[in-house]
2 protein chains.
Amino acid sequence: MSQPAELCEEGRLALIRDVLERIGDKWSVVVICQLDDTTRRFNELSRMSSPITKRMLSATLQGLERDGLVTRTVYDTKPPRVDYALTPRGISLLKVVRELAGWAEANAAGILESRSGYDAR
Amino acid sequence: MSQPAELCEEGRLALIRDVLERIGDKWSVVVICQLDDTTRRFNELSRMSSPITKRMLSATLQGLERDGLVTRTVYDTKPPRVDYALTPRGISLLKVVRELAGWAEANAAGILESRSGYDAR
DNA sequence: CTGTATCCCCCAGGATACTG
DNA sequence: CAGTATCCTGGGGGATACAG
């Protein structure tokens with residue numbers, strides 16, 4: 001009787017929240033974007049992601065690896081070297097992130113305007 | 001000389017983070033989904049979003065209104081009545097959220113598998 | 001019915017120091 | 001170079017009571 005609203009179905013909302021907890025943290029998206037296309041080493045990511053600490057970079061990468069979004073390959077040379085890269089699943093996520101980016105760019109100005117209107121009231 | 005990597009450009013990453021802070025909080029997406037298509041009253045949203053507290057619902061709605069994603073219309077009847085609905089901008093965001101939902105559904109199984117593999121190691 | 005005001009706890013994540 | 005181990009703080013968000 002009520003509307004379909006399939007989107008609101010419990011499990012579906014839970015899934016969305018899951019993704020958001022994955023990419024909604026402070027650094028995951030940044031790291032994923034830096035891994036776009038190429039493989040990168042730990043320090044490289046550290047520098048590119050600017051004020052991230054090693055601790056958080058490490059934690060972020062572990063989370064992403066756990067979910068099968070990045071691969072971690074260790075070469076036991078001296079000094080040690082570790083490469084990170086996106087998996088196919090990570091790449092597919094990056095595509096969704098691009099959608100997000102598109103929406104953000106298209107609406108940034110409007111949102112800022114809306115905010116100042118709201119605040120000055 | 002280095003790769004284009006337009007996606008990683010500073011401002012662009014900042015925009016993405018902005019969106020994520022908007023929809024990455026605990027309740028925004030839930031509320032937005034419940035507003036899909038129709039206008040809803042405060043208590044209606046409160047019940048539909050299950051264990052959300054009034055405090056958080058109020059805060060979430062204010063945030064969404066501030067960004068021009070939902071409208072708030074007050075009828076001064078007795079007892080009071082307030083209706084919330086998505087703005088066009090909110091609807092456009094909902095579309096992006098659907099993309100997210102699609103990705104989540106398509107990858108949920110794989111991610112769970114990847115996790116258990118990672119944890120059992 | 002539609003909120004606001006308080007209090008309070010927990011933990012994401014920063015700073016810093018140390019290790020193989 | 002590539003991390004781990006500790007310590008510590010801010011604020012997101014729950015519970016509860018009150019208000020128009």
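The residues that line the second largest pocket divide into 7 nonpolar, 3 polar and 3 charged. In this count Ala, Val, Leu, Ile, Met, Phe, Trp, Tyr, Cys and Pro are nonpolar, Asp, Glu, Lys and Arg are charged, and the others, Gly among them, are polar. The model is a predicted one, in which local features need pLDDT of at least 70 and side-chain atom pairs count only at pLDDT 80 or more, while totals for chains, interfaces and linings use all residues. Residues are numbered from 1 along each chain as its sequence is written, chains are lettered from A and ligands numbered from 1 in the order in which they are written, and side-chain values use heavy atoms, with hydrogens and water left out.

Let me define a pocket. On a 1 Å grid over the protein atoms alone, where a 1.4 Å probe fits, a pocket is an open set of points with protein on both sides within 12 Å along at least five of seven lines, and its lining residues have an atom within 4 Å of a point. Grid points are joined across faces, edges and corners, and the volume is the space filled by probe spheres set on the points.

The second largest pocket has a volume of about 270 Å³. Of its 13 lining residues, A:Glu10, A:Leu13, B:Val30, B:Ser50 and B:Pro51 are the closest to its centre. Two or more lining residues come from each of helix H1 (10–23) of chain A and helix H2 (28–34) of chain B. Here helices (H or I, at least four residues) and strands (E, at least two) are DSSP runs, numbered from the N terminus. H1(A) provides the largest share, 4 residues.

I turn to the largest pocket, with a volume of about 330 Å³. Its lining has 16 residues, and those nearest the centre are A:Trp27, A:Val30, A:Ser50, A:Pro51 and B:Leu13. Which element gives the largest share of this lining? That element is H1(B), with 6 residues. By class, the lining has 7 nonpolar, 3 polar and 6 charged residues.

Next, the DNA. A residue is near a strand if one of its heavy atoms lies within 4 Å of it. Around DNA strand D there are 19 residues, and the closest are A:Ser58, A:Arg72, A:Tyr84, B:Lys26 and B:Arg55. Of the strand D atoms within 4 Å of the protein, 64% belong to sugar and phosphate. H4(A) gives the most to this surface, 4 residues.

For polar contacts, the cut-off is a pair of N or O atoms within 3.5 Å. A polar side-chain atom of A:Gln62 is 3.4 Å from a phosphate oxygen of strand D, and an N or O atom in the side chain of B:Trp27 is 3.3 Å from a phosphate oxygen of that strand.

DNA strand C is also surrounded by 19 residues, of which A:Lys26, A:Arg55, B:Asn43, B:Ser58 and B:Arg72 come nearest. H4(B) gives the most to the surface near strand C, 4 residues. By class, this surface has 8 nonpolar, 3 polar and 8 charged residues. What does the side chain of A:Arg55 approach at 2.7 Å? With an N or O atom, A:Arg55 lies at that distance from a base nitrogen of strand C. By contrast, B:Arg41 places a polar side-chain atom 3.2 Å from a phosphate oxygen.

Note on methods
A polar contact is a pair of N or O atoms within 3.5 Å; within protein, one must be able to donate a hydrogen and the other to accept it, and residues adjacent in sequence count only if both atoms are side-chain atoms.
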